[in-house]
Every structure is written in C-alpha cells, then in structure tokens.
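Student: I should like to learn how to read a protein model. May we work through one together?

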Amino acid sequence: MTRICVVGGGGYVGLGYAVALAELGHDVVGLDIAAGRVALLNQGTSPIYEVGLPEMLRRNLDAARLRFTTDYAEAVPGSDLVFLCTGTPSLSDGEADLRQVRSAAASIGMHLVPGTRTIIVNKSTMPVGTADLVAGIVAEYAPEGARFAVISNPEFLREGRVLHDILRPDRVVLGGDDEEALEIVAELYGPLQAPILRTDHRSAELIKYAANAFLATKISFINDIARLCERLGADVTDVAEGIGADERIGPRFLHAGIGFGGSCFPKDVGALTRMAEGAGLHPGLLRAVMEINRDAQRRFVARADELLAGLDRRVIAIWGLAFKEGTDDLRESPAVAIAEMLMERGAIARAHDPAARENAARRLPRVILCDSPVEAATGADAVMLCTPWPEYRDLDFTEVARSMSGDIILDGRNLLDASHVAAAGLRYEGIGKGADRARAADAASPQVARGA
Ligand SMILES: NC(=O)c1ccc[n+]([C@@H]2O[C@H](COP(=O)([O-])OP(=O)(O)OC[C@H]3O[C@@H](n4cnc5c(N)ncnc54)[C@H](O)[C@@H]3O)[C@@H](O)[C@H]2O)c1
C-alpha cells in the first residue's frame, strides 16, 4: 500500500487515477483547487460523466482508501508519490499553457517535508522540457532537507473509457534518470501487467505528443480521402475498410466524419506545432492535419446550407454535442463549432445529447436543449448527427420523420444505417459517400449524370 496524492484529482485524468489507484488498494487523497468538485466527490458524487466511475468512487470512499481535499498541507506531507494531473490547455497561439502546472509544482514544493523523499509523477501532457521546469520549481519552493524525484509518465487514456484504459493500458511510459524512483513507479504499475517503456524525460514527453498527432493525422487523412470520395463517386467506408485490412495500416481511426475534438487532439497537435516551430522547423503535416479538421466541420455546415438553400431561420436538430460518445465533455467538440456556425448563419439550433446537457446549457445558451433525439427533431428542416452515440442508430425513424418538417438527415459520423433511414422516407447523407450521391444524381437526372 502506497500513500498517493493526486493533484488535479477532480479532473478527468486526476479523478480517474485517484479512484483507480484506491481500487488497487492504495491510500489516496485527491487534491483539487475546485472546491465545488471536492465537496461533491467527498459526498460520493462524480462531477464528470464516465462509465463505472460513480460505483468505484463510492466503493473506495466507503473503504476509507480515498478522500478529497483542497488543502495541500493536508495532502502532500505523508504522501510517497504525488501524481501531477492538472490541465495544460492551449494559449491563443497553440502553445501549452503551463500556469496550472507551475502553480501546482510550487504548492507541492512548499509542502514537502524535510527528511522525507517524494516522487512526483508528471501525468499531464507537458511540452518537451517541462520535467526540468517542474523539478526547478519544486526545488525553488521545497524546504531544506526535503528530497524529491520527478518521473515523466504521460497518460494515454480515452474519455469514455477512463477506468478501462487506466487499469488496462497498452503500455506505460516512464521517463527520467533516477533509477530508484523509476523502479518504484514501475512497481506501482506492476499489477496492470502492461509493457513498460523506460526512457529519458524528453523522449517520454514527446511520445505523448507524437502519439496524439499520429492518431489525429489518421483521422484527417481519411477525412481528406472522404472529400475525394465525394468528388469522384467513391464510398469512404469501403475505402477505409480496404486500406485498414492492411496490417501495416490497421482499421482504427479511419472513420470519416466531421473531425476530431476534445481536450487533447487539437491542443496537443497545436502545442507540437509550436514546439516544432520553436525548434526552427516547418511542421507542414501538422498544420495540414488541423486545417483538414476545421474544414470537415465547415463543409458539413456548407452541405446543410446547400441542401436547404440557405440556413437563415431554418430549424436544425443537432444529435450529439459531446466531442465523442461516452462522455459529457464539450471541449473543442466539433458539434459545438457546428452549432455556432449554424446559428451565425441564422439557423435555429435544437439539440440532444444523452450526457452533456448540463455542460451544454452553460456552453451553448442559445441552443434549445431537448430531452430526446425525437424531441430535438420536432419541426426541424434537417437533422445533423454530430456525436456517434450508439442509441441514435436504433431510433424509430418513422417517428423521427413524422416529427420533422423537412426530410434531411446529415450523418456527420456515418453512424446510421442508410437504408433504415431511407425506408422511413427520409433523405440520408453521410460523409464521403460519393457513390450514394452519384446514384442520387443519376436517379434525379439520368442523362446528365451519365454523360458527366
Ligand atoms: N482528458 C483526457 O482524455 C486526457 C488524456 C490524456 C492526457 N490528458 C492530459 O492530462 C492533463 C489533465 O487533463 P484533464 O482532462 O484531466 O483536465 P481537467 O481540466 O479535467 O482537470 C484538471 C484539474 O486540475 C485542477 N487544478 C488546476 N490547477 C490546480 C492546482 N494548482 N492545484 C490543484 N488542482 C488544480 C482543476 O481544478 C481540474 O479539476 C492535461 O495535460 C491533458 O492534456 C488528458
């Protein structure tokens, strides 16, 4: 049993770790400056939506292996390890904003205890060189005689699968040069039986950015191919299946749609771009990845505009607001960008999301939030599906058709069964479905289409 303090313990990563480490039998205190979150957590209520989290939270609170506080003086002294999980959002130029990290490092340093040794585990996604920065700040504030080591241990979890990914990681990356501290952190991860990659700080920090940039590149790649499919009359789902079957490529992250979002991919690609520029390079690939992503959202709105012959005063139902299914997180969500673009063009946006309603009420006050997808579709000229919540696939589309004023279903995630939707008399359009569009054009105007 190790005594662990998780700084940023009210956030997605920090809360996931606080709960999972307690589940593994450790004595954990989650520390967060957000007093409201801490109060909720101590009552056994999770401030974030994540499958399995409320049950695991309550189990470990009840077993007295887990508690939450806002007080560094209560949490840091007596902890063998301090997990640093604060946010690293983007500044306006894309660079990582390290204010939360700096402030947390100073507070940790101040509360180290002379004569003890503490291991600080950098979990947050931090630009290359930040481990040295954290060590410098902690050293500046630490009392004399307090010893510490910093280990870089980037996190790869996915929202919507936080506990699964923490407890069953593909790999654990540990960066640093303090062999004893590396060994202790490696032992902590031992029960998870994941491969452990040991490296230096800088490589560990870069692995995280390179991993996210690669995944984002796969998404933008298939979205670029989707655009080509629409022009050339091909079907991107078949193309993706055909290329993904090659084991060198693999099928995952090849789902065409309205692009990636969330608190990680856009900010991490942006921060890596700034790191490359800062190193005197010209990160053309990374810039293109972001541009294709923004374009995917613009094109989705443009298509609605085209099909409805203008968006002014059109009623649009948005199905899904979270950046992906399984979460209530709206950060950098393509759906949010799309809702804003629609409203800028005069459309009336009605929306449904199974988990993100509360966050949406704050983030999108002008959107009419509805209790069900059918309610959102009521009186709508078009439905735009933005988040691939599985429940949308199983809807009764006859009921959807009856409730709508128009008949257009734009599927921004290629989630729905096109024939099922069409059987209800609705007009279905996915992303990168050039073959369908060619068929529809052919049916509408056989001679022109054949001659084109
Ligand atoms: N969310 C993800 O899916 C994910 C996945 C992998 C890595 N990461 C990285 O992990 C880090 C955290 O991400 P997140 O999504 O959990 O962020 P988050 O914003 O949900 O959580 C950060 C928490 O830190 C708290 N905090 C801020 N300053 C503090 C301070 N000085 N002392 C104590 N607490 C403080 C905030 O109140 C908040 O609860 C980021 O660097 C992110 O890039 C996130």
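Tutor: We begin with domains, whose bounds come from an automatic or database domain assignment. Here the protein is divided into domain 1 (3-199) and domain 2 (214-446). Their centres, taken over C-alpha atoms, are 34 Å apart. Please note that this is a predicted model, in which local features need pLDDT of at least 70 and side-chain atom pairs count only at pLDDT 80 or more, while totals for chains, interfaces and linings use all residues. Residues are numbered from 1 along each chain as its sequence is written, and side-chain values use heavy atoms, with hydrogens and water left out.

Student: How many residues of domain 1 are in contact with domain 2?

Tutor: Contact means heavy atoms within 4.5 Å. By that rule, 18 residues of domain 1 are in contact with 17 residues of domain 2.

Student: Where does the ligand lie with respect to the domains?

Tutor: The ligand lies between domain 1 (3-199) and domain 2 (214-446), because both give residues to the shell around it. A residue is near a molecule if one of its heavy atoms lies within 4 Å of it. There are 28 residues around the ligand, and Asp-32, Tyr-72, Thr-88, Glu-159 and Lys-267 come nearest.

Student: Which classes of residue make up the shell around the ligand?

Tutor: Ala, Val, Leu, Ile, Met, Phe, Trp, Tyr, Cys and Pro count as nonpolar, Asp, Glu, Lys and Arg as charged, and the others, Gly among them, as polar. The shell has ten nonpolar, eleven polar and seven charged residues.

Student: Which polar side-chain atoms lie by an oxygen atom of the ligand?

Tutor: A polar contact is a pair of N or O atoms within 3.5 Å; within protein, one must be able to donate a hydrogen and the other to accept it, and residues adjacent in sequence count only if both atoms are side-chain atoms. A polar side-chain atom of Asp-32 is 2.6 Å from an oxygen atom of the ligand, and one of Arg-331 is 3.0 Å from an oxygen atom of the ligand. In addition, an N or O atom in the side chain of Ser-103 lies 3.4 Å from a nitrogen atom of the ligand.

Student: Which element gives the most to the shell around the ligand?

Tutor: Helices (H or I, at least four residues) and strands (E, at least two) are DSSP runs, numbered from the N terminus. H5 gives the most, with three residues.
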